[in-house]
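I opened a fresh notebook page for this chain and kept my notes short. Pull up the viewer and follow along with me.

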Amino acid sequence: MTRGRRARSWAAATTGGVLLGGVVLSGCTTQVEGSATAAVAGADGIGDPYYPLDGNGGYDVGSYGLELRFDPDSDVLSGTATVVATATATLSSFNLDLLGFEISSVTVDGEAAQTARDGGELTVTPAGSLAEGAEFTTVVAYEGVPEELDDGLGLAGFLQTADGSLAVGQPDVAASWFPVNDHPADAASVEVSITVPEGLEGISNGELVDSSTEDGWTTWQWSAPDPMAPYLVMLAVGEFEIDEYEEDGIRYWDAIDPALADEPAQGTESIADIASASLARQPEAIAVLSEWFGPYPFDVAGGVVDDVPELGFALENQTRPVYSPAFFSDTGSGEVVVVHELAHQWAGDSVRLAGWQHIWLNEGFATYAEWLWAEHEGTSTPQEEFDRLARRPAGSSFWRTAIGDPGPDSDDLFSEAVYVRGAMTVHALRMAVGEEAFAEIVLEWFTSEAGRAVTTDDFVALAEEVSGEELDDLFAEWLGEGRPASLG
Ligand SMILES: [Zn+2]
């Protein structure tokens with residue numbers, strides 16, 4: 001994620017943009033009292049201390065199939081979600097996360113199931129228990145006007161826009177538009193079929209596999225087979241100029257709201273011009289980042305820029321980041337945010353968080369990528385960025401946040417320190433272990449951990465293994481509270 005206002009001030013400030021107890025997440029379960037069988041109720045949370053009710057225990061999702069219709073006249077979203085999961089315990093019931101909506105039916109393996117709702121928790125009790133290790137298919141039919149979220153970063157969730165809708169947010173968004181095991185520890189493949197009035201586009205992650213029109217409604221089918229954290233699933237409905245192309249074996253779908261062609265930006269250019277030019281640099285940015293992080297982890301890429309000026313951030317939705325148009329008021333800011341969100345395709349999407357506490361692994365690397373890009377552009381080196389930031393006074397609030405455990409409030413989780421000191425931590429490691437070991441650590445991290453959920457401890461262990469050095473003290477001072485003493 002890149003936050004709008006801060007991204008700008010950091011860009012101005014930078015020319016361009018750990019420890020701590022790995023949370024072990026498991027599909028924990030709670031025993032049903034008085035149960036005559038071994039079947040248990042799946043837990044209502046996956047075990048993240050920051051967000052105890054995010055995700056659920058007792059199963060592991062393999063795929064989501066969403067067949068949805070959105071009507072911009074009524075703002076009603078309706079359809080079915082098919083969730084294929086494997087039980088990690090013998091279950092008498094299990095939970096999904098879902099906010100709002102009327103549920104008209106829930107089936108498990110084709111049989112009607114009982115449901116109960118409590119806030120964002122939907123408890124599903126199938127006709128019979130689900131054996132540990134068994135795959136089961138849950139189909140939820142639902143309908144309603146999705147609720148927007150206000151999580152401290154401003155508007156997020158399922159937003160109604162001038163010409164449609166936009167679903168985007170972090171850490172919470174998925175449960176506001178589909179039933180889900182809503183935590184990055186449980187990634188799954190996603191297929192989205194979105195039906196919208198003819199003349200509007202429906203855009204989601206991955207590859208556009210089909211579109212067809214019938215009776216004034218167009219259905220767009222998107223397929224994203226690589227496992228994806230639920231918060232990275234995006235949906236945009238509205239008028240878009242779609243630019244489809246292929247470069248270096250990667251297929252791109254970029255979508256820009258044509259209304260942005262009327263929004264003035266730098267010089268004589270429009271927001272749409274600068275967005276288009278910034279997205280045109282994606283292949284080059286991916287090539288630069290691949291030199292450090294290894295091959296781009298997916299087959300497809302592209303970005304979405306919707307005319308939603310109140311959106312305060314950009315988000316690294318898998319294969320299809322969503323950008324606030326505010327980033328494209330000037331070329332420098334536009335290119336940097338694109339590099340940042342592309343870096344997240346490795347750092348956060350392919351290698352994803354086992355718990356939100358470890359957010360610096362996402363934002364530190366994405367910010368470090370901005371420094372690598374600045375070096376590629378010839379504007380500054382990572383060392384210059386590091387040295388300039390290291391001069392911030394010891395009393396600055398910048399040094400106060402323990403970025404390895406920043407806390408669950410949005411202002412802490414996405415604080416400037418998590419991003420910038422996160423990048424400084426990456427560079428401090430580089431200075432400590434030397435160029436060769438650093439390059440090997442980074443490459444190994446993004447290749448061997450691809451597709452997995454990770455913690456800070458995992459990163460420290462890999463860095464120590466590759467470098468052969470004891471690095472606990474380095475990470476303790478960089479990820480903890482206070483200005484590192486090693487800065488002198
Ligand atoms: Zn970010």
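How far apart do the C-alpha centres of domain 1 and domain 2 lie? I looked that up before anything else, and the answer is 28 Å. A reminder to myself: this is a predicted model.

**Entry: the two domains**

I noted the bounds next. Domain 1 takes 1-24 + 247-488, and domain 2 takes 29-239. Then I checked who takes part in the contact between them: 39 residues come from domain 1 and 36 residues from domain 2. On the side of domain 1 that touches domain 2, I listed the elements that give two or more residues, and they are β21 (250-256), β26 (352-353) and α7 (410-413). The largest share of that side, three residues, belongs to β21. I also sorted the residues of this side of domain 1 by character and got 19 nonpolar, eight polar and 12 charged.

**Entry: the whole chain**

I stepped back for the overall picture. The chain holds 11 helices and 27 strands. Its C-alpha atoms fill a box of roughly 65 × 55 × 40 Å along the principal axes. Does the radius of gyration fit a compact globule, or what else would I expect for 488 residues? A compact globule of that length would come out near 23 Å, and the chain has 22 Å, so the two agree. Of the 488 residues, 52% are buried.

**Entry: β21 and its partners**

Since β21 turned up at the domain contact, I followed this strand further. Five of its seven residues are buried, so β21 is largely enclosed by the rest of the structure. I then went through its pairings one by one.

- Strand β20 (residues 241-247) pairs with β21 in the antiparallel sense, over seven bridges. I picked out one pair here: I242 has A255 as its bridge partner in β21.
- β20 and β21 make a hairpin with two residues between them, and D248 in the turn has a positive phi of about 50°.
- Strand β22 (residues 300-301) runs parallel to β21, joined by two bridges. R251 stands opposite V300 there.
- Strand β23 (residues 304-305) also runs parallel to β21, again with two bridges. I256 has V305 as its bridge partner in β23.

**Entry: β4, with a partner in each sense**

Which strands pair with β4, and in what sense? I found β5 (residues 76-87) running antiparallel to β4 (residues 59-71), with 12 bridges joining them. In that pairing, Y64 stands opposite V83. The β4 and β5 hairpin has four residues between the strands, and D75 takes a positive phi near 65°. I also found β15 (residues 188-197), which pairs with β4 in the parallel sense over seven bridges. On that side I wrote down E67, which stands opposite S193.

**Entry: a five-stranded sheet**

I traced an open sheet of five strands in the order β12-β13-β14-β19-β16, with antiparallel pairing. Its edge strands are β12 (148-150) and β16 (201-203), each pairing on one side only. From one strand to the next, the twist averages 20°. I zoomed in on the β12 end, where β12 and β13 (residues 155-161) pair in the antiparallel sense over three bridges. E148 stands opposite G157 in β13.

**Entry: a look at W220**

I finished with one side chain that had caught my eye, W220, in strand β18 (residues 217-228). Is W220 buried or exposed? It has 21 C-beta neighbours inside 10 Å, and W220 counts as buried because the cut-off is 20 or more. Leaving out residues up to four places away in sequence, I listed its contacts as I194, E201, G202, L208 and S211. I also checked W220 against L68: they are 152 residues apart in sequence, yet their C-alpha atoms are 9.9 Å apart in space.

How values were computed: Residues are numbered from 1 along each chain as its sequence is written. This is a predicted model: local features need pLDDT of at least 70, side-chain atom pairs count only at pLDDT 80 or more; totals for chains, interfaces and linings use all residues. The radius of gyration is taken over C-alpha atoms; the globule rule is 2.2 Å times the number of residues to the power 0.38. A residue is buried if 20 or more other C-beta atoms lie within 10 Å of its own, exposed if 12 or fewer, and partly exposed in between; C-beta atoms are placed from the backbone. Domain bounds come from an automatic or database domain assignment. Two residues are in contact if their C-beta atoms, placed from the backbone, lie within 7 Å. Ala, Val, Leu, Ile, Met, Phe, Trp, Tyr, Cys and Pro count as nonpolar, Asp, Glu, Lys and Arg as charged, and the others, Gly among them, as polar. Two strands pair if DSSP finds at least two bridges between them. Axes are lines fitted to C-alpha atoms, for helices over the stretch in contact, and angles run from 0 to 180 degrees between N-to-C directions.
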